[in-house]
Amino acid sequence: MDQPDLTPLQDVRARIARAAAIAGRKGDDVELIAISKTHAAERIVPLIEEGQRVFGENRVQEAQEKWPALLERYEGVKLHLVGQLQSNKAEDAVRLFDCIHSLDRPSLVSALGKAMDKAGRRVPCFIQVNIGDEEQKGGCAIAEVPALLASAHDAGIPVTGLMCVPPLGIEAAPFFALLARIAAESGLDQLSMGMSDDFETAVMLGATHVRVGSALFGARR
Ligand SMILES: *Cc1c(COP(=O)(O)O)cnc(C)c1O
């Protein structure tokens, strides 16, 4: 049952903890990434002041406009990129973000590898997998994960796990379970999966990172 006296952040954290407990895990083992895309700094500040330290954006340019001032003002805030990344934005992304969830193709491996060499900064990445084999969706094909992982390794990119956005309008659990199996087969132990509508399911199936926007900030315009 929802407890109306909780803030959205407290509510989401409590739900993560409950889902983790059901799976015999600890809520603290799940990183909550607050997805602040489309929301202005004034909306983000209260969440930082409430104690949230990890945020996600899906566009490099929007993040460049909003975040440098916030990062200067608040210590210990980490920024994750969860949206598709164009190769020509790789250098900007490596400078600004602490983690990239959308490594999905060989040309981006090469751009990010060069950008990390140039910046002298190794940014951990997730390989995004097109888990529902959808035509229009970002992410590499399941069959391409091993080759992409090997080329990322050769390029000096630290790949820590797999990420997915399952198809809309259909139960997400089988896709989360499939991503977990592919990660295990690939020797990767982090899983970026679960959004506002399904993060509890994702946590029960092993998510180490959940990406939650509207449940924290309200609906986007
Ligand atoms: C917007 C977005 C989210 C958050 O979505 P909500 O449904 O608002 O929680 C998570 N992951 C990615 C990749 C997104 O683009």
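The following paragraphs describe the annotated span, the largest pocket, the largest nonpolar core and several loop residues of a predicted model.

According to an unreviewed UniProt entry, residues 9-220 carry the feature "domain: Alanine racemase N-terminal". In the predicted model, this span is 43% helix and 16% strand, and the C-alpha atoms at its two ends are 17 Å apart.

The largest pocket holds about 650 Å³ of space. Its lining comprises 26 residues, and those nearest the pocket centre are Lys-37, Lys-137, Val-165, Met-195 and Arg-211. By residue class, the lining consists of eleven nonpolar, nine polar and six charged residues.

Lys-37, one of the residues nearest the centre of this pocket, is also annotated in the unreviewed UniProt entry, where the feature reads "modified residue: N6-(pyridoxal phosphate)lysine". Lys-37 is located in the loop that runs between strand 1 (31-35) and helix 2 (41-49). With residues up to four places away in sequence left out, the contacts of Lys-37 are Gly-56, Glu-57, Asn-58, Glu-62, Lys-66 and Arg-220.

Two further residues of the loop between strand 1 and helix 2 were examined, namely Thr-38 and His-39. Thr-38 is not a glycine, yet its phi is positive, at about 70 degrees. The relative accessible area of Thr-38 is 48%, so this residue is classed as partly exposed, given that the exposed class begins over 50%. His-39, by contrast, is counted as buried because its relative accessibility is 6%, which is under the 20% limit. Beyond four places in sequence, His-39 touches Ile-44, Glu-62, Lys-66, Phe-217, Gly-218, Ala-219 and Arg-220. Glu-62, Lys-66 and Arg-220 therefore appear among the contacts of both Lys-37 and His-39.

A second loop, between strand 5 (125-128) and helix 6 (145-154), contains Asp-133. Gly-138 is found in this loop between strand 5 and helix 6 as well. Asp-133 has a positive phi of about 50 degrees, although it is not a glycine. With a relative accessible area of 68%, Asp-133 is exposed. Gly-138 has a relative accessibility of 16% and is therefore counted as buried, the limit for this class being under 20%. The contacts of Gly-138, again without residues up to four places away in sequence, are Gln-84, Asp-104, Gln-128 and Asn-130. Between the C-alpha atoms of Gly-138 and Ile-157 there is a separation of 20 Å, and the two residues are 19 residues apart along the chain.

Nonpolar side chains in soluble globular proteins tend to be buried together. In the present model, the largest nonpolar core contains 66 residues, and the members that touch the most others are Phe-55, Leu-103 and Leu-112. Helix 5 (residues 106-119) supplies six residues, the largest share of this core. For Phe-55, the contacts beyond four places in sequence are Ile-33, Ala-34, Ser-36, Ile-44, Leu-47, Ile-48, Trp-67, Val-77, Lys-78, Leu-79, His-80 and Phe-217. Among these contacts of Phe-55, Ile-44 and Phe-217 are also touched by His-39.

Note on methods. Residues are numbered from 1 along each chain as its sequence is written. This is a predicted model: local features need pLDDT of at least 70, side-chain atom pairs count only at pLDDT 80 or more; totals for chains, interfaces and linings use all residues. Side-chain values use heavy atoms; hydrogens and water are left out. UniProt positions are given in the numbering used here, feature names are shortened, and annotations may be inferred rather than shown by experiment. Helices (H or I, at least four residues) and strands (E, at least two) are DSSP runs, numbered from the N terminus. On a 1 Å grid over the protein atoms alone, a cavity is a set of points where a 1.4 Å probe fits but cannot get out, and a pocket is an open set with protein on both sides within 12 Å along at least five of seven lines; lining residues have an atom within 4 Å of a point. Grid points are joined across faces, edges and corners, and a volume is the space filled by probe spheres set on the points. Ala, Val, Leu, Ile, Met, Phe, Trp, Tyr, Cys and Pro count as nonpolar, Asp, Glu, Lys and Arg as charged, and the others, Gly among them, as polar. A nonpolar core is a set of buried Ala, Val, Leu, Ile, Met, Phe, Trp, Tyr and Cys residues joined through side-chain atoms within 4.5 Å. Buried means under 20% relative accessible area, exposed over 50%, partly exposed in between (1.4 Å probe, protein chains only). Contact means heavy atoms within 4.5 Å.
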